[in-house]
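User: I would like to go through this model with you, one question at a time. Please reason each answer through before you settle on a name or a value.

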Amino acid sequence: MKNTILSLLAVLIFSSGPAQTTSAPTPKGPGWFFAPEFSLMFLEDHVGNAVGASIGASLWKRRIKVGLMAYGRSGPINRFTYTVTPSDNQMYQGRDQVTLRSDHGAFGVMVAPTFHLKNFEINVPIMAGMIGAGYYLFGDDRNTPDGRRVSDWENQLLDGRDAGFGTVIEGGVRFLAPLGPQGMRIGAGLHYTTTQGWETYVDPSGETYHNQIRLSLLVQFSDQ
């Protein structure tokens with residue numbers, strides 16, 4: 001992980017361009033930003049992939065960003081699976097264990113103090129909001145034995161706790177450098193995530209997304 005972060009910082013420094021020794025004056029009025037991202041979530045037993053974005057306004061002489069942040073970790077882009085024994089010794093498709101994939105999404109309000117240093121932008125995003133995550137049958141197991149909806153079976157097999165919702169708080173730091181047209185930047189961020197009140201049958205402790213590290217790679221578009 002350390003080598004990955006150092007490599008990303010080297011890319012940012014290189015992309016800022018050796019010929020640029022001064023940055024353009026920072027606009028004084030409010031502006032906008034939009035930053036799609038891809039991230040790696042360093043979970044306990046694997047690294048998960050997630051995609052998301054943040055969008056909002058830059059205020060107070062561009063010293064603070066205010067907006068919304070959302071990202072999600074979906075089963076189709078995460079091959080990691082969980083094998084569990086259904087509740088009450090239930091059987092499914094003649095088996096006493098089922099294999100599941102998982103989805104996860106976080107959404108919240110973001111505030112990010114922002115600093116400008118020559119060609120670089122550094123911001124410190126703090127997000128507070130909601131998390132929803134759950135587990136589901138996949139592949140041939142979605143062809144239920146009695147024709148009922150697969151969601152009904154998931155609910156039955158996992159004691160009504162195939163998914164759960166809770167709160168999430170995340171803090172981090174992002175480093176961005178100019179890339180191409182005016183107002184376009186490439187960057188990387190390191191984030192620390194905590195969750196409260198989320199638990200499911202597969203994870204009754206609620207620790208899957210609690211106290212975890214997330215590494216983000218993003219492209220920021222703005223009016224500056």
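User: Which residues does Arg142 touch, not counting residues up to four places away in sequence?

Analyst: The model is a predicted one, and what follows should be read in that light. Arg142 sits in the loop between β7 and α2, and at 38% relative accessibility it counts as partly exposed. Not counting residues up to four places away in sequence, the residues that Arg142 touches are Tyr136, Leu137, Val150 and Glu154.

User: How far apart are the C-alpha atoms of Arg142 and Glu154?

Analyst: Arg142 touches Glu154, and the two residues are 12 residues apart along the chain. Taken between their C-alpha atoms, the separation of Arg142 and Glu154 is 9.6 Å.

User: Is Asp141 buried or exposed?

Analyst: Asp141 is placed in the loop between β7 (126-137) and α2, and beyond four places in sequence it touches Tyr92, Gln93, Arg95 and Val150. Its relative accessible area is 12%. Because the cut-off for the buried class is under 20% relative accessible area, Asp141 counts as buried.

User: Which side chain of opposite charge is nearest to Asp162, and how far away is it?

Analyst: Asp162 lies in the loop between α2 (150-157) and β8 (163-178), and its contacts, leaving aside neighbours within four places in sequence, are with Gly134, Tyr135, Glu154, Asn155 and Thr200. Asp162 is buried yet has no salt bridge. Because a salt bridge requires a side-chain nitrogen of Lys or Arg within 4 Å of a carboxyl oxygen of Asp or Glu, the separation to the nearest side chain of opposite charge is the value to look at. That side chain belongs to Arg161, and its distance from Asp162 is 8.7 Å.

User: With which residue does Arg161 meet in a salt bridge?

Analyst: Side chains of opposite charge can pair when their charged atoms come close. For Arg161, which is partly exposed with a relative accessible area of 29%, the N to O distance in its salt bridge is 3.4 Å. The partner is likewise described as partly exposed, at 42% relative accessible area, and the residue that Arg161 meets is Asp159.

User: What is the distance between the closest N and O atoms in the salt bridge of Arg148 with Asp146?

Analyst: Arg148 counts as partly exposed at 33% relative accessibility, and Asp146 is partly exposed as well, with a relative accessible area of 45%. In the salt bridge that Arg148 forms with Asp146, the closest N and O atoms are apart by 2.9 Å.

User: How many residues apart in sequence are the parts that Arg214 and Glu170 tie together?

Analyst: Arg214 forms a salt bridge with Glu170, in which the closest N and O atoms are 2.7 Å apart. Arg214 lies in strand β10 (residues 212-222) and Glu170 in strand β8, so the pair ties together parts whose separation in sequence is 44 residues.

User: Which residues are linked in a network of salt bridges with Arg214 and Glu170?

Analyst: Arg214 is buried, and Glu170 is buried too. The salt bridge between Arg214 and Glu170 belongs to a network of salt bridges in which four residues are linked, the other members being Glu37 and Arg174.

User: Where is Asn89 placed, given its positive phi of about 55°?

Analyst: Asn89 has this positive phi although it is not a glycine, and at 69% relative accessibility it counts as exposed. Gln93, which is also not a glycine, has a positive phi of about 55°, is partly exposed with a relative accessible area of 35%, and is placed in the loop between β4 and β5. The place of Asn89 is in the loop between β4 (82-84) and β5 (98-117).

User: What is the volume of the second largest pocket?

Analyst: The lining of the second largest pocket includes Tyr82, Tyr135, Asp203 and Gln212. Its lining residues divide into 4 nonpolar, 4 polar and 4 charged. The volume of the second largest pocket is about 180 Å³.

User: How many helices and strands does the protein chain have?

Analyst: Read along the sequence, the pattern of the protein chain is α-β-β-β-β-β-β-β-α-β-β-β. The secondary structure therefore, with helices and strands taken as DSSP runs, comes to 2 helices and 10 strands.

Notes:
Residues numbered from 1 in each chain as written. Predicted model: local features only at pLDDT ≥ 70, side-chain atom pairs only at ≥ 80, totals over all residues. Heavy atoms only, no water. Helix = DSSP H or I, 4+ residues; strand = E, 2+ residues; numbered from the N terminus. Buried < 20%, exposed > 50% of the residue type's maximum accessible area, 1.4 Å probe, protein only. Lys, Arg positive; Asp, Glu negative; His and termini not counted. Contact = heavy atoms within 4.5 Å. 1 Å grid on protein atoms, 1.4 Å probe; cavity = no way out; pocket = protein on both sides within 12 Å on 5 of 7 lines; lining within 4 Å. Points joined across faces, edges and corners; volume = space filled by probe spheres on them. Nonpolar A, V, L, I, M, F, W, Y, C, P; charged D, E, K, R; others polar.
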